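Q: Please take a close look at one part of this model, the open sheet and its strands, and then set it beside the other features that can be described.

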Amino acid sequence: MMMSIKHTATFLLVVCTTALFSQDKTGYDSRQVFDANFFNTPGNEYRSGNGAPGPMYWQNKADYNISCTLDTVQDMINGTVTITYTNNSPDALDYLWVQLDQNLFTTKSRGHMVTPVGGYRWGNVDFEGGDSVHSISTTEHGNTASPEYLITDTRMQVMLKEPLKPKGDKITLKIVYSFRVPPNGSDRMGIAKTQNGKIYEIAQWYPRMEVYDDIKGWNTLPYLGAGEFYLEYGDFDYSVTVPANLIVAGAGELQNPSEVLTSTETERLNKAKNSDSRVFIITADEIGKASTRPKSGGTLTWHYKMHDTRDVSWACSKAFIWDAAKANLPDNRKPLAMSFYPVEYSADSAWGRATEYLKYSMEFYSKTYFVYPYPCASNIAGSVNGMEYPGIIFCSMNAKTARLFHVTTHEIGHNWFPMVVGSDERQYAWMDEGFNTFINMYSGQNFNNEEYKADNTMKKITDLMNRPATKTVMTYPDNITAQEHAITIYFKPSVGLKILRDEVVGPKQFDYAFRNYIKRWAYKHPVPEDFFRSMNDATGEDLNWFWKEWFFENWKLDQAVESVQYVNADPKQGVDITLANKEQMAMPVEIEIKEASGKVSRVHLPVEVWHNSDKWIFHYNSTDMVTSVTVDPDNHLPDIDTSNNTWTAPTK
C-alpha cells in the first residue's frame with residue numbers, strides 16, 4: 001500500500017534514509033556490529049540454511065468459489081463463499097481460523113478502540129458495518145455438518161467435527177455472509193462520488209483463510225488497520241452481480257464477455273490486446289449511455305477466474321472511462337494493462353496517461369525481476385489513495401503527473417512483493433513495502449528519459465539524523481506510529497537495500513542474489529531470515545553485520561578523516577591517512593584523494609577495516625602534495641556529520 005503523503009516520491013524517498021538511526025549512545029564497539037552470535041541458528045528441513053525452501057517445505061492451499069450481489073441503494077454486499085482448504089502440513093488440525101476483515105469497520109472493533117483521538121489514515125471511522133455471518137457448513141470426508149464457530153473481532157474460529165488430517169486432507173467450508181460497504185475502508189477500499197455516479201472499490205470482501213505455517217502455526221494477528229495481510233495461495237472463481245448499467249473491473253480474466261459487454265466493446269478490447277498504445281473500450285462521450293450496456297435495467301453478472309493468487313478484488317461504476325493496451329513481457333507474454341477512471345480526471349496530465357504508466361511498470365519489473373504472471377492488470381481511480389491487490393490496484397483519482405506515476409508504479413510493484421513473493425504483511429510490512437519501494441527507485445529512474453526520476457541525495461536529510469530513536473524496521477506495523485510509518489516501513493529498508501547493492505555488494509552480485517530470492521520464494525511464504533540467508537548465500541558474503549545494524553538496530557553512521565601524514569615528510573614517499581568511525585554503524589569507505597598536480601584518485605575500503613577498532617590507517621602512494629581527502633565523496637551514505645568528511649591541506 002502507498003502512503004497518502006508519499007505520492008511525491010522525489011521528496012519522501014530521500015526523507016527515508018536516516019531519520020531512524022539516532023540513538024543516545026555514541027562511540028563504536030566492533031563487537032556489537034560483528035556479533036558472532038547474531039543470526040546463527042541452523043536451517044531445518046522446512047527452511048534451509050542457504051535461504052531456500054527446504055526439502056520438506058510445505059504450504060496449505062485455499063481455493064475459493066464466490067458469488068455476491070451489490071445493492072447500490074443500501075451499499076450492501078450479500079455473498080456466498082465456498083472454500084476448499086487443503087492441509088498439506090504435517091499436523092492434524094482440530095479447527096480452522098478465518099479472517100473477517102470487515103469487522104474492523106464497527107465502533108466495537110479493536111481497530112476502532114486503538115484509533116487515536118482525531119483519527120488517522122487507517123483508523124475506523126464512526127461507521128457501523130462488519131461481517132454478518134448467516135450460516136456456515138463444512139463438508140469433510142463426504143459428511144456435511146453445521147460446525148460450532150466463535151467470532152472474535154476480525155477472526156473466526158471454526159471447530160471441526162473431526163480433525164483435518166495432515167499431508168493432503170481437504171475440507172470444504174461454505175459461508176453465507178453480508179456487509180455494508182464502508183465509504184472509507186481504512187484507505188484500502190471505499191466509495192467515491194463523481195459527477196456520473198459512485199465508484200465502488202471492493203476489497204477484503206469475503207471471509208478469507210488465515211495462514212497456517214511452519215513458523216507460528218495459525219497466524220491470527222487481528223486486523224487493526226495499519227498491518228496488511230497474510231494469505232494462502234489458491235485458485236479463484238468468482239461472480240459479481242450488479243445493476244446492468246455498471247462496469248465491473250475485476251482481478252483475473254473475464255469469463256463471459258459476450259454477456260456483459262457489447263459487441264463494440266468486445267471488438268475494442270480485442271484490438272487493445274494487440275496495441276502498444278491505449279485503445280478506448282468506453283470513451284468519455286459514452287459514459288452512462290445505454291448503448292454501452294448489453295441490456296437496460298435489471299442486473300448483470302460478471303464472472304472472473306484467477307489462478308495461483310492469494311486474493312481477488314474488484315471495482316465497479318457507471319462513471320468509468322475504460323482504456324487498455326498490451327504489455328510486452330519476456331517469453332512473448334502480452335497481458336493487458338487497463339485503466340478505469342471518471343471523466344473529470346481524464347486529462348493527459350492526469351489519468352489520461354495511467355495505462356502508459358501501468359504498462360511501463362509491468363514491462364520494467366518483468367524484465368528486471370520476475371515475469372508478471374496474470375492475464376491483465378487494472379488501475380482504478382477512486383477514493384483510495386493507493387492500495388494493491390493481485391492484478392488490480394486502487395489509486396487516488398486526484399493524482400496526476402509525477403504523483404500518479406509514482407503511486408501507479410508503486411502499487412503495481414506490489415504484484416511482485418507480496419503477491420508473488422508471499423510474505424506476511426501483517427507482521428513484516430517492510431518485506432513488501434520496503435522491497436517494493438526499492439524497486440520503485442529503478443522504475444522511476446528508467447521511465448521516459450528520467451521524466452519522473454526521484455532525487456536520492458543523502459545529504460538533503462542529514463538534519464533528520466539527530467531525531468530521537470524510534471522503532472526499528474523489524475517492529476510490527478501496528479506498533480509503529482503514523483508519524484514513523486513511512487520512514488520505518490517504506491524508506492529505511494528500501495534505501496538500505498540500495499546501499500547494500502551499490503556500496504557494499506555491487507550491482508551485479510546483488511541483482512543476481514535478489515532475483516534468485518524472488519525465484520526461490522515465488523508463491524511461497526518467506527520470513528526475514530529466509531531473505532537474509534538467501535542473500536548471504538547467493539552473494540557469497542556474510543552480511544549479518546548489515547542485517548543487524550540496518551533492520552534490528554537504529555544506529556548512526558559518522559565516518560571521518562582524522563589526519564593525513566606524509567611518510568618521512570615527503571609526498572613522493574606516500575601518505576598515511578587515518579580514518580575514524582565515530583558512531584556505532586559501520587560501512588565500507590569510499591575515499592577521494594586530490595593532489596596538487598590535479599590527479600584525482602579513488603580508494604575503496606571494505607567494511608572489514610572496522611573489525612577491530614574505530615580507527616583505520618591506510619597508505620596511499622601519492623606523487624605530489626595532497627590537497628584534500630574526502631570520505632563518501634558522492635554522498636551515498638547516511639553520514640550524520642559531514643563536517644568531518646573532508647581533510648584539506650593547510651594553506652601556507
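**The open sheet and its surroundings**

A: In this predicted model, strand β3, which covers residues 93-99, is joined to β12 by two bridges, and the two strands run antiparallel. Within this pairing, Val98 stands opposite Met209 of β12. The pair belongs to an open sheet of four strands, whose order is β6-β7-β3-β12 and whose pairing is antiparallel. Because β6 (149-152) and β12 (208-209) stand at the edges and have a single partner strand each, one side of each is left without a neighbour in the sheet.

Turning to the largest pocket, its space comes to about 370 Å³. Of its 22 lining residues, those closest to the centre are Glu253, Leu254, Leu269, Lys273 and Leu336. At least two lining residues come from each of β16 (247-250), β17 (253-254), α5 (263-272), β19 (299-309), β22 (336-341) and β23 (376-382), and the lining as a whole divides into 14 nonpolar, five polar and three charged residues.

Helix α9 completes the description. Its 24 residues, 482-505, should span 34 Å at 1.5 Å a residue, which agrees with the 33 Å that separates its end C-alpha atoms. The helix nevertheless bends by about 35 degrees at Phe491, with a proline, Pro493, following within four residues. Helix α9 is also mostly covered, since 19 of its 24 residues are buried, and just after α9 comes Gly506, which takes a positive phi of about 110 degrees.

Conventions. Residues are numbered from 1 along each chain as its sequence is written. This is a predicted model: local features need pLDDT of at least 70, side-chain atom pairs count only at pLDDT 80 or more; totals for chains, interfaces and linings use all residues. Side-chain values use heavy atoms; hydrogens and water are left out. The expected span of a helix is 1.5 Å times one less than its number of residues. The bend at a residue is the angle between axes fitted to the seven residues ending there and the seven starting there. Buried means under 20% relative accessible area, exposed over 50%, partly exposed in between (1.4 Å probe, protein chains only). Two strands pair if DSSP finds at least two bridges between them. On a 1 Å grid over the protein atoms alone, a cavity is a set of points where a 1.4 Å probe fits but cannot get out, and a pocket is an open set with protein on both sides within 12 Å along at least five of seven lines; lining residues have an atom within 4 Å of a point. Grid points are joined across faces, edges and corners, and a volume is the space filled by probe spheres set on the points. Ala, Val, Leu, Ile, Met, Phe, Trp, Tyr, Cys and Pro count as nonpolar, Asp, Glu, Lys and Arg as charged, and the others, Gly among them, as polar.
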